[in-house]
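Reader: Show me the model, please. I have questions on its sheets, helices, loops and ligand shell.

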Amino acid sequence: MTLSYDIPKVNFSRLADPVSEIIYLPDTSSRLQSQVSLADFTSFRVGGLAEWYGEPNSLEELRSILAWAGVSGLPIHFLGAGSNLLVSDRGISGLVISTRHLKTTNFDPETGRVQAGAGVSLPKLAWQAAKRGWRGLEWAVGIPGTVGGAVVMNAGAHKSCTADILFDTQIVTLGGDLAILTPDQLGYSYRTSLLQKQPKLVTQATFQLEPGYSKTEVMTTTAEHRAQRQATQPYHLPSCGSVFRNPSAYSAAWLIEQTGLKGYRIGDAEVAQRHANFILNCGRAKAGDIWRLIHHIQEQVESKWRVKLVPEVKILGDFSQL
Ligand SMILES: Cc1cc2nc3c(=O)[nH]c(=O)nc-3n(C[C@H](O)[C@H](O)[C@H](O)COP(=O)(O)OP(=O)(O)OC[C@H]3O[C@@H](n4cnc5c(N)ncnc54)[C@H](O)[C@@H]3O)c2cc1C
């Protein structure tokens, strides 16, 4: 596809002196904005500016944004609810595409499948299913991400995960091509999928649920899962949930706790007392504080247990010289 409109040249060094500008792409109502703070869009509430930021309302808008980025040669990053992202204080070069407006849902009682847009909130979808008496999403109620993020991360809890219920997913390649992928094409394992290595935008997902159960029963299980999480995990301060993947033999939380790191703090970033695999932003933490705390935990745990903890949180942007 040939695009003839002008591409504004933005120097990444301008992040130090943010002056936001907005451009409108032709033939759609797509709007792109420069120098947008990502701290507002991540659950850690930290991070610098996106060089360019767009929130498509439709597939058509998404494709026009991707075409614009392709012509301008900008790197592309995808953003769901930002509940598993640590964004550098120096921001991100290139274009961040948020799925927050891709929010359609359709429950099909014939097949027991629900089709949901990438930007649909996972907890909201879990409640919608429970209120219909459909089983299958009760485990997801405490995961504050989107449907797209869940498909990419293979989000899971309470011994269930996204791969267990995914029927198929619609993706768009960076070149704008659409495809439907089934779980066997996604290389799923613990909190991993091929989509983490081969960036494609998940635009929607279809989950196979089990209709016909008592609404009260499914809602009770869903509420129990939520209560259990709120009792054992710190939801009162900004975090990204579990920072590290669980190594096979021990849980990351146990290793961190046994290393005596609960309550350890760098700046306003603290290892949570209630759950040692959580890092909390206790006020004005910078992404750099969190990044340095992640490395401190890795070093301490490795020197005591000879286990190298691997972050589950996705780290975006430049953290060098910290
Ligand atoms: C309090 C708390 C509790 C949590 N508990 C759990 C838990 O129990 N289990 C669990 O698995 N996780 C948990 N998490 C982590 C997080 O919620 C999940 O990883 C979630 O799936 C991330 O979804 P998201 O929409 O926020 O993705 P983001 O954080 O926005 O993005 C995560 C990654 O997915 C990519 N991505 C996002 N959307 C798309 C898309 N549509 N297409 C392509 N790529 C995309 C991003 O580029 C990034 O690489 C928790 C987080 C918090 C803050």
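The questions and answers below go through this predicted model.

Reader: How many residues surround the ligand?
Author: The model is predicted. The closest residues to the ligand are Gly-80, Gly-145, Gly-148, Gly-149 and Gly-241. By class, the shell has 17 nonpolar, 15 polar and two charged residues. The number of residues that surround the ligand is 34.

Reader: Which element gives the most to the shell around the ligand?
Author: Several elements supply at least two residues each, among them strand E4 (76–79) and strand E13 (201–208). Strand E9 (156–157) and helix H3 (147–153) also do so. The top contribution is five residues, and it comes from H3.

Reader: In what order do the strands of the mixed sheet run?
Author: Strands of a sheet pair through backbone hydrogen bonds, either parallel or antiparallel. Five strands form this open sheet, and the pairing is mixed. From one strand to the next, the twist averages 30°. The order is E1-E2-E3-E6-E4.

Reader: Which strands of that mixed sheet stand at the edges?
Author: Look for strands with a single partner strand. One side of each is then left without a neighbour in the sheet. The edge strands are E1 (22–24) and E4.

Reader: Which residue of E6 is the bridge partner of Leu-79?
Author: E4 pairs with strand E6 (residues 92–98). They pair in the parallel sense, over four bridges. The partner of Leu-79 in E6 is Ser-98.

Reader: Is E3 largely enclosed or open, and how many of its residues are buried?
Author: A residue counts as buried if 20 or more other C-beta atoms lie within 10 Å of its own. By that test E3 is largely enclosed by the rest of the structure. The count of buried residues in E3 is six of the six.

Reader: Which residues of E3 and E6 serve as bridge partners of Ser-34 and Tyr-53?
Author: Five bridges join E2 to E3, and these two run antiparallel. There, the partner of Ser-34 in E3 is Trp-52. E3 and E6 pair in the parallel sense, over four bridges. There, the partner of Tyr-53 in E6 is Val-96.

Reader: What is the strand order in the antiparallel sheet?
Author: Five strands form this open sheet, and the pairing is antiparallel. Strand E7 (105–108) and strand E12 (178–181) stand at the edges, each with a single partner strand, so one side of each has no neighbour in the sheet. The twist averages 15° from one strand to the next. The order is E7-E8-E13-E11-E12.

Reader: Which residue in E13 stands opposite Gln-115?
Author: Strand E8 (residues 113–117) is joined to E13. Five bridges do this, and the two strands run antiparallel. Opposite Gln-115 stands Thr-206.

Reader: Is H2 roughly parallel or antiparallel to H5?
Author: Helix H2 (residues 122–132) and helix H5 (residues 215–232) pack with their axes 6 Å apart. The angle is about 150°. Angles over 145 degrees count as roughly antiparallel, so the verdict on H2 and H5 is roughly antiparallel.

Reader: Which residues of H5 make the contact with H2?
Author: From H2 come Ala-126, Trp-127, Ala-130, Lys-131 and Arg-132. By class, the contact has five nonpolar, one polar and three charged residues. From H5 come Lys-215, Val-218, Met-219 and Thr-222.

Reader: What is the phi of Arg-45, and what is that of Lys-159?
Author: Most residues other than glycine have a negative phi. Arg-45 is in the loop between strand E2 (31–37) and strand E3 (49–54), and it is partly exposed. Lys-159 is in the loop between E9 and strand E10 (160–161), and it is exposed, with 7 other C-beta atoms within 10 Å. The phi is positive for both: about 60° for Arg-45 and about 65° for Lys-159.

Reader: What separation do the C-alpha atoms of Asp-177 and Lys-200 have?
Author: Asp-177 lies in the loop between strand E11 (166–172) and E12. Asp-177 is exposed, with 11 other C-beta atoms within 10 Å. Along the chain, Asp-177 and Lys-200 are 23 residues apart. Their C-alpha atoms are separated by 9.8 Å.

Definitions and conventions: Residues numbered from 1 in each chain as written. Predicted model: local features only at pLDDT ≥ 70, side-chain atom pairs only at ≥ 80, totals over all residues. Near = placed C-beta within 6 Å. Nonpolar A, V, L, I, M, F, W, Y, C, P; charged D, E, K, R; others polar. Pairing = 2+ DSSP bridges. Axes fitted to C-alpha atoms, helices over the stretch in contact; angles between N-to-C directions. Parallel < 35°, antiparallel > 145°, perpendicular 65-115°, else oblique. Contact = placed C-beta atoms within 7 Å. Buried ≥ 20, exposed ≤ 12 C-beta atoms within 10 Å, placed from the backbone.
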